[in-house]
Amino acid sequence: MSVKVLFLAGVPASGKSTIFRKIREKHFTELTEFTHGAAKGITQGKLAMLGVFDGSTFEGTDRLSMTVINDAIAYAKTLDEDEGKHVLLVEGDRLFNARFLRETRASLILIDAAPEVLEARHRERGDDQTPAFLKGRRSKVENFAKKHRVGRIMNNNQADQERIVLGISKLIEQWQQ
């Protein structure tokens, strides 16, 4: 297997997009955009990130088609067939399901934040996500974490963000050695 898929998941406002923006700033200095069917993203060398990155509030995989899963899996498989050790970074809810994680053999990084932190982040960005939607996303994450025995990493502040970015960066570098 020549591709390592790192998947960052969590409830809305847990900081997924912010962490991936910091990863892009650190690792994607000369990026190239790619399209593989409905799958879009950026690459730099043997590092790729799925999503549309245009500075909007909900960027990343949230900006991809709802039907992107087949093309995203196919893209991961093309990286797996290529020489060298590739890393594919994925975040968000769009591809957060058992099929994508299983077929790409993704390593899941599940983040969360304290309720008061999540509420403050929702207020700061002026979210219009309904309480029912947020409750549904929370249930999805809780059920997945319990079923697959995945621990959560708390992302309540700047120090937590820096620790998570550093951890992901180390995983990237270790895989590509």
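Biologist: Phe-7, Phe-96, Phe-100 and Phe-144 form one aromatic cluster. The model is predicted. How many aromatic pairs does a search of the whole structure find?

Modeller: The search finds 4. Phe-7 and Phe-96 form one aromatic pair, with 6.0 Å centre to centre and 35° between the planes.

Biologist: What makes Phe-7 and Phe-96 a pair, and why is it called tilted?

Modeller: Take the distance, then the angle. Ring centres must lie within 6.5 Å, and 6.0 Å meets that, so the two rings pair. Stacked needs planes under 30 degrees apart and edge-to-face needs over 60; 35° fits neither, so the pair is tilted.

Biologist: Which parts does the pair tie together?

Modeller: Phe-7 lies in strand β1, and Phe-96 in the loop between β5 and α3. The pair therefore ties together parts that are 89 residues apart in sequence.

Biologist: How do you know whether Phe-7 and Phe-96 are buried or exposed?

Modeller: Buried means under 20% relative accessible area. Phe-7 has 0%, so it is buried. Phe-96 has 2%, so it is buried as well.

Biologist: Tyr-75 lies in helix α2, residues 69-81. Is Tyr-75 buried or exposed?

Modeller: Its relative accessible area is 8%, under the 20% cut-off, so Tyr-75 is buried. Leaving aside neighbours within four places in sequence, its contacts are Phe-34, His-36, Thr-43, Ala-48, Leu-50 and Leu-88.

Biologist: What makes Lys-85 count as a charge over the ring of Trp-175?

Modeller: The distance cut-off is 6 Å from the ring centre, and Lys-85 is at 5.1 Å, so that part is met. Lys-85 lies over the face of Trp-175.

Biologist: Now the sheet. In what order do the strands run?

Modeller: 7 strands form an open sheet, ordered β2-β3-β4-β5-β1-β6-β7, with mixed pairing.

Biologist: Why do β2 and β7 stand at the edges?

Modeller: β2 (32-36) and β7 (152-154) each have a single partner strand, so one side of each is left without a neighbour in the sheet. The twist averages 25° from one strand to the next.

Biologist: How do you know that β2 pairs with β3?

Modeller: Pairing takes at least two bridges; 5 bridges join β2 to β3, so the two strands pair. They run antiparallel. The bridge partner of Thr-35 in β3 is Lys-40.

Biologist: Which strands does helix α1 touch?

Modeller: Helix α1 (residues 16-27) packs on the sheet and touches β1, β3, β4, β5 and β6. Its direction makes about 150° with that of β5.

Biologist: And which strands does helix α5 touch?

Modeller: Helix α5 (residues 131-148) packs on the sheet, touching β1, β6 and β7. Its direction makes about 130° with that of β6.

Methods
Residues numbered from 1 in each chain as written. Predicted model: local features only at pLDDT ≥ 70, side-chain atom pairs only at ≥ 80, totals over all residues. Heavy atoms only, no water. Helix = DSSP H or I, 4+ residues; strand = E, 2+ residues; numbered from the N terminus. Axes fitted to C-alpha atoms, helices over the stretch in contact; angles between N-to-C directions. Contact = heavy atoms within 4.5 Å. Buried < 20%, exposed > 50% of the residue type's maximum accessible area, 1.4 Å probe, protein only. Lys NZ or Arg CZ within 6 Å of the ring centre and 35° of its normal.
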